[in-house]
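Me: I've got a model open and want to talk it through. Can you take my questions one at a time?

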Protein chains: 2
Amino acid sequence: MNPMNMLKDLALKTDSKIVFLVIDGVGGIRSANRQRTELELAITPHLDDLARSSICGRIMPVWYGITPGSGPGHLSLFGYDPLEPKHDIGRGVLEALGIDFDLQKTDMAARGNFTKVDKKGIIMNRRAGRLPTEKCIALCEKLQAKITNIDGVEIIIRPVRDYRFVVVFRGENLSSSITDTDPQKVGLAPRHPEATEDTPSARFTQQVVAKFVKQCFAILKHEKDANAMLLRGFSKDPCLPKLPELYKLTPAAIANYPLYRGVAKLVGMDVLKVEGEIEAEFDLVEKVWPKYDFFFLHIKKTDSYGEDGNVEGKIIVIEQVDALLPRLMALDPDVVVVTGDHSTPTQIQGHSWHPVPFMLYSKVCDADEIGEYSERACDQGSLGVFPATAIMSLALANAGKLKKFGA
Amino acid sequence: MNPMNMLKDLALKTDSKIVFLVIDGVGGIRSANRQRTELELAITPHLDDLARSSICGRIMPVWYGITPGSGPGHLSLFGYDPLEPKHDIGRGVLEALGIDFDLQKTDMAARGNFTKVDKKGIIMNRRAGRLPTEKCIALCEKLQAKITNIDGVEIIIRPVRDYRFVVVFRGENLSSSITDTDPQKVGLAPRHPEATEDTPSARFTQQVVAKFVKQCFAILKHEKDANAMLLRGFSKDPCLPKLPELYKLTPAAIANYPLYRGVAKLVGMDVLKVEGEIEAEFDLVEKVWPKYDFFFLHIKKTDSYGEDGNVEGKIIVIEQVDALLPRLMALDPDVVVVTGDHSTPTQIQGHSWHPVPFMLYSKVCDADEIGEYSERACDQGSLGVFPATAIMSLALANAGKLKKFGA
């Protein structure tokens, strides 16, 4: 039996409350020219205090050496093995959910990038020079005004942010077995969409997508900022089992950024509206505290600064979270997990494979003697390096939400 | 999805270079009458220096308590789960590949031992008193001169080293489902080969093998040094996926001994000719450095001395490797892995199940604070005890050869 099915059998509804404080990309590395990570450099008295009452370790979101995208990284935190094919979420679906789009079971979604191509149709800049969001909105409106239906399939075009948008193909019998038009490299032409299986549904969908691409290119042709677009991640709702049915939780997601809101929705969380940045997220936790027993509190900017290679920025965000932590602890949560969905070392300027510093606080966690929340301190933690998919069962156990297994 | 298939999807061809320095049987144990292992006793300033810039841990080649043979031990280092039946390599195939024999897909090979039996046909000495290689060659020539074909199956007999030889049965529809004639004990008679499945191919092969054994016994009967022979490990090429296709590597094997050259060939490495012992291996790495991006550098004698219970000998080989390490590092490799395929404690005088000291150096490895390459020091490493099959993905990640998994 896989652990997730076991939890489904063992989970109990109780009043205890669990908080997952997910500091995106929090992990860092040391390197020859900088002997301390951002977590080690940041002044974090409250996180360190919590470490003293927690068990610590390092989580591995996917597998040794594997750098997780945000989708698999988060699924793993919630107990879904990202290597299970049935847990694979397409990029299109993630983007659609991330803008609170009400995706229907039969919808097929793709992630779009506005882009610039030269006179020969070769991609010059995959992200159209980080197009301003208002321009993205205008381009989506322009396309939507002219394209609403292709061969009976309703076409819904929605801006996301910067150069990114979503297309949803709404109709019966649509297939997601369509290849990306995005070659993911500059210097190449956009690819023609192809069906990857020989079924009537894939053939039909391929024709619709090809017509859509052709019409978009005709409309965008004379635009200055973005004269083409690329599609990738054709996908449908993977219909994941949801947290309420799996773990008998009433979960809330407090996340500012689309992608994470999307994942949260997919696993059955109530995705709450946040007005503002980190402090607003903590305000919201306090406000809705009585209504839920599981809180996914997502901090994005550590990852953004990590990707930018901005050491100072990453440190500041960590310190902001640290300063707000006492407000969370004042609510007297039964279990608090602090970790990230992956590491984002500023030296690498991207997600990485390095295991993420992890701590779990509860009154019965059997705290080890780690006095600091950092990479090297968590290396000494009693949990060692362990799979992120184990976090959810540890959290449920510490919250008194799991029955004994077997007699 | 298993990790190996995942790597196949994620691997990128890049210029970065990876070295696996495999010190065969390097791991040892402490015991009541000797409080330090050979690695702890050896003076290894360069390995210890490298440890300071590496992440450390202990690898488990197969599973807790399982003592790996050299085949599974090495497969595991290269990312092949040795518990997968499809990764099972027979001893016959390993021996044949190890002498650079050009094994064909339909060939069926067995490992042979020349042996001495008494007048009643009871084995007195399984290895014919460690027969000199020239005698082995003479005996093989004698057998080959008289046996070339049995029932349409071509018989190829090749000496290996000492008392060991290989027989290759070449023909269509041969089966490897044949039991060993080697009882692996003195005091017993050689066994009759039996088919382990009831198929035409196994029945036919059993007859051919039985006739071969009978003919060999008749020819060897009056030989003084070795008057009989034993066969084991009937097997065919398992057709493993190869490193170039799995990981997009251009791999070279620098190994002196047949078995390791055989495994390397099986996983798709270029097996290079080495003229000499350890220093010659390092010479060769330097010489071919520009041509490859993956180097499997195999040091054999640590294992040999371990098997002999020769503490001093094992220490000397470790120190020889240590003295040569600066030459390897001067090539500026992107990733260096130092480990063994198993432990060979001198107290046990054989392979053992003890996890093997491991370190991985790269500029982005996030070095832990281990200042020594030894069993006890690696126990404190941030990787903990981990499966050897994870080494390849860690190495590829550290070499920048893996894409992100998922969006």
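Me: Let's start at the end of chain B: how many residues of helix α14 (residues 391-398) of chain B are buried?
Reply: This is a predicted model, where local features need pLDDT of at least 70, side-chain atom pairs count only at pLDDT 80 or more, and totals for chains, interfaces and linings use all residues. Residues are numbered from 1 along each chain as its sequence is written, while chains are lettered from A and ligands numbered from 1 in the order in which they are written. Buried means 20 or more other C-beta atoms within 10 Å of the residue's own, exposed means 12 or fewer, and partly exposed is in between, with C-beta atoms placed from the backbone. Helix α14 of chain B is largely enclosed by the rest of the structure, because the buried count is 8 of the 8 residues.

Me: And which residue just after α14(B) takes a positive phi?
Reply: The helix itself holds buried residues including I391(B), L394(B) and N398(B). Helices here are DSSP runs (H or I, at least four residues), strands are E runs of at least two, and both are numbered from the N terminus. Just past α14(B), a positive phi of about 70° belongs to G400(B).

Me: Which residue has a positive phi of about 50° although it is not a glycine?
Reply: Most residues other than glycine have a negative phi. The residue you want sits in the loop between β8 (228-235) and α8 (243-247) of chain A. With 9 other C-beta atoms within 10 Å, it counts as exposed, and its name is C239(A). So the phi of about 50° goes with an exposed residue, C239(A).

Me: Is N173(B) exposed, partly exposed or buried?
Reply: N173(B) also isn't a glycine and has a positive phi, of about 60°. Its place is the loop between β7 (164-170) and α7 (200-220) of chain B. It has 13 C-beta neighbours inside 10 Å, so the label is partly exposed.

Me: What does D24(B) count as, buried or exposed?
Reply: D24(B) is in the loop between β1 (18-23) and α2 (38-41) of chain B. Leaving aside neighbours within four places in sequence, its contacts include H298(B), K300(B) and D341(B); contact means C-beta atoms, placed from the backbone, within 7 Å. Because D24(B) has 25 C-beta neighbours inside 10 Å, it counts as buried.

Me: How far apart in space are D24(B) and T339(B)?
Reply: Along the sequence, D24(B) and T339(B) are 315 residues apart. In space, C-alpha to C-alpha, the separation is 8.0 Å.

Me: Which residues does V336(B) touch, not counting those up to four places away in sequence?
Reply: V336(B) belongs to strand β12 (residues 335-339) of chain B. It is buried, since 26 other C-beta atoms lie within 10 Å. The residues it touches are V19(B), L21(B), L50(B) and Y361(B).

Me: Over in chain A, at what angle do helix α3 (residues 45-52) and helix α12 (residues 311-329) cross?
Reply: The axes, lines fitted to C-alpha atoms over the stretch in contact, come within 7 Å. Angles run from 0 to 180 degrees between N-to-C directions. α3(A) is therefore oblique to α12(A) (under 35 degrees is roughly parallel, over 145 roughly antiparallel, 65 to 115 roughly perpendicular, the rest oblique). The crossing angle is roughly 55°.

Me: What separates the centres of domain 1 and domain 2 of chain A?
Reply: The bounds, from an automatic or database domain assignment, are 3-86 + 241-398 for domain 1 and 93-235 for domain 2. In contact are 8 residues of domain 1 and 7 residues of domain 2. Taken over C-alpha atoms, the distance between the centres is 33 Å.

Me: Which element gives the largest share of the side of chain A that touches chain B?
Reply: 30 residues of chain A are in contact with 23 residues of chain B. Elements giving two or more residues to chain A's side are α4 (70-77), α5 (91-98) and α13 (375-379). The largest share, 3 residues, comes from α4(A).

Me: What kind of axis relates chain A to chain B?
Reply: Superposing chain A on chain B takes a rotation of 121° with 0.1 Å of shift along the axis, RMSD 0.2 Å; the fit is least squares on C-alpha atoms of residues with pLDDT of at least 70 in both. The copies meet through different surfaces, because only 3% of the interface residues of chain A are also interface residues in chain B. The rotation and shift give the relation of a three-fold axis.

Note on methods:
Contact = placed C-beta atoms within 7 Å.
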